[in-house]
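Me: I'd like a close look at one part of this model, and then a walk outward from there. Here is what I have open.

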Amino acid sequence: MASQAPFTLKWGIMATGWIAEMFAKDLLTNPACRGVSDVRHEVVAAASSTSKERAQDFLTNTVKAPSSAKAYGSYHELVDDPDVEIVYVTTPHSHHFQNAMLALEAGKNVLCEKALTVTASQARKLVEKAKEKNVFFMEAVWTRYFPLSIKVRELVKSGVVGPIYRVIADLSFNKDKPDGTVDFADSHRIVNMDLAGGALLDFGIYSLTWLFQSLYHVQPEQEKEAPKVVAAMNKYHTGADETTSIILQFPKHKSMGIALASLRVGTDVDGLNTGGPAIRIQGSGGEIQVMGPAYRPLQYKVIKKDEPGKVEVVDCPIPKDEERDWGHGTFWEADECARCLRDGKKQSDTMPWSESLVIMEVMEEALKQGGVTYPDLITSDVYEPNGALNTGRK
Ligand SMILES: NC(=O)c1ccc[n+]([C@@H]2O[C@H](COP(=O)([O-])OP(=O)(O)OC[C@H]3O[C@@H](n4cnc5c(N)ncnc54)[C@H](OP(=O)(O)O)[C@@H]3O)[C@@H](O)[C@H]2O)c1
């Protein structure tokens, strides 16, 4: 019997920066290289707020998309393209609310980079719009779709190390410079307040992802509880948080998580990953350790209390398309989008709207406690289709 043709999803890439490149190249890899045959992807268009030439250069030279892919010099043109079935929003998170809303208003399905928005209210409005337009909408927390993450969630649920009482997760990069600054220009989106810079929204979201994956997501729906939040932040001279620590408490489950992020010290101390696990998922019967970086982990370990000295080490390499010499790991979340659309689902069970909203609420509370205040332009939840954040930097 002939096998069914794979479901094809046609992507439009909004913006042409670093992660846009990683993701578009992943879309163009052969799904067979990761053992996938039920879905496939096409890059049919890309848009740059800088110029059409930049979008064309991205398609032709950077990601080597088929010559049929269209280049646009504005985000508006991209969302109006009838060939585009899903828009991947890959602008700085300062822009996500306005840019994702632009795409949703145009009736497009949307995969939006993390952090989903700057405020919880913005995230709620996007979810409401996705519901109203009856389209698919998902926050691009790619790590959740790694086979490693799926396995770790299964292990947690199976109780292999008993009930989980504490999770410690860190995603930090040592960017410290002797002159007291960090190795990012003040204009760089990692520290620029106009671009919602700071350790939390950029890196801490991944630490929180591990807390939520292990302490919240795995709970039955009726037992999920929004955590209590205690946060502290040291601020950089731009006003962005440079070192952030958050404690989440889930009183009903007697569990707790500690999420860490910093631009001053690194999870990976020596660049060789000898600094120990980035994530420790601790149960009464042992612990699961995940080797970092938290966003792209490649190995986990299981250590049981009653089997001293025995450490189960499992490597989970990211498959590469040898022909294109590429494989970053964002293709698994792309496959999830394709399967959801194929199956008529508007949200992903692995990153449901409700969980994105709870995480945004946690981050908003942490920023409040840390005294970080972003400019009005990027915290507004009023959609401005022709505002500066949608019309760009020509
Ligand atoms: N999933 C991941 O692993 C991952 C990794 C890195 C980043 N991210 C997230 O993805 C988003 C983009 O990060 P990135 O590292 O790709 O950033 P980036 O390299 O700076 O690219 C961002 C792009 O957004 C567009 N843009 C529009 N207005 C802009 C403005 N005022 N200033 C700067 N850029 C502007 C630009 O593209 P055009 O000029 O073409 O419009 C720019 O190239 C962020 O939200 C980040 O948190 C995710």
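Is Cys316 buried or exposed? Take that cysteine as the starting point, then go through the sheets and the core around the rest of the chain.

Reply: Keep in mind that this is a predicted model. Cys316 is buried, with a relative accessible area of 18%; the cut-off for that label is under 20%. As for a bonding partner, the closest cysteine sulfur belongs to Cys33, and at 18 Å from the sulfur of Cys316 it is too far for a bond. A disulfide would need the two sulfurs within 2.5 Å. The count for the model comes to zero disulfides. Cys112 is in none either: its nearest cysteine sulfur, that of Cys337, is 11 Å away. Cys112 also counts as buried, at 0% relative accessibility.

Now the sheets. One is an open sheet of eight strands in the order 8-9-10-7-11-12-13-14, with mixed pairing. Strand 8 (228–235) and strand 14 (311–315) stand at its edges; each has a single partner strand, so one side of each is left without a neighbour in the sheet. On average, neighbouring strands here are turned by 10 degrees against each other, direction ignored. Further in, strand 12 (residues 286–291) and strand 13 (residues 299–304) pair in the antiparallel sense over six bridges, with Gly286 opposite Lys304 in strand 13. Helix 6 (residues 147–158) packs on this sheet and touches strand 7 (164–172), strand 11 (279–283), strand 12 and strand 13. The direction of helix 6 makes about 15 degrees with that of strand 13. Helix 9 (residues 353–370) lies across strand 8 and strand 9 (241–250), at about 50 degrees to strand 8.

There is also an open sheet of six strands, ordered 3-2-1-4-5-6, and its pairing is parallel. Its edges are strand 3 (70–72) and strand 6 (137–140), each pairing on one side only. Here the average turn between neighbouring strands is 30 degrees, again ignoring direction. Strand 4 (residues 86–89) and strand 5 (residues 109–113) pair in the parallel sense over four bridges, and Ile86 stands opposite Asn109 in strand 5. Helix 1 (residues 18–27) lies across strand 1 (7–14), strand 2 (39–47), strand 4 and strand 5, running at about 160 degrees to strand 1.

Just ahead of strand 4, Glu85 sits in the loop between helix 3 (75–80) and that strand. Glu85 counts as partly exposed, with 32% relative accessibility. Leaving out residues up to four places away in sequence, Glu85 touches Thr8, Leu9, Lys10 and Asn109. The C-alpha atoms of Glu85 and Val110 are separated by 8.7 Å, although the two residues are 25 apart along the chain.

Finally, the packing. In soluble globular proteins, nonpolar side chains tend to be buried together. The largest nonpolar core in this model has 132 residues, and Trp11, Ile13 and Phe137 have the most contacts inside it. Helix 7 (residues 199–217) supplies the largest share of this core, twelve residues. At least three core residues come from each of domain 1 (7–141 + 378–391) and domain 2 (147–317). To see some of that packing up close, click on Ile13: its contacts beyond four places in sequence include Ala20, Phe23, Ala24 and Leu27, along with Val43, Phe58, Leu78 and Tyr88.

Notes: Residues numbered from 1 in each chain as written. Predicted model: local features only at pLDDT ≥ 70, side-chain atom pairs only at ≥ 80, totals over all residues. Heavy atoms only, no water. Pairing = 2+ DSSP bridges. Helix = DSSP H or I, 4+ residues; strand = E, 2+ residues; numbered from the N terminus. Axes fitted to C-alpha atoms, helices over the stretch in contact; angles between N-to-C directions. Contact = heavy atoms within 4.5 Å. Buried < 20%, exposed > 50% of the residue type's maximum accessible area, 1.4 Å probe, protein only. Core = buried A, V, L, I, M, F, W, Y, C linked by side-chain atoms within 4.5 Å. Domains from an automatic or database assignment.
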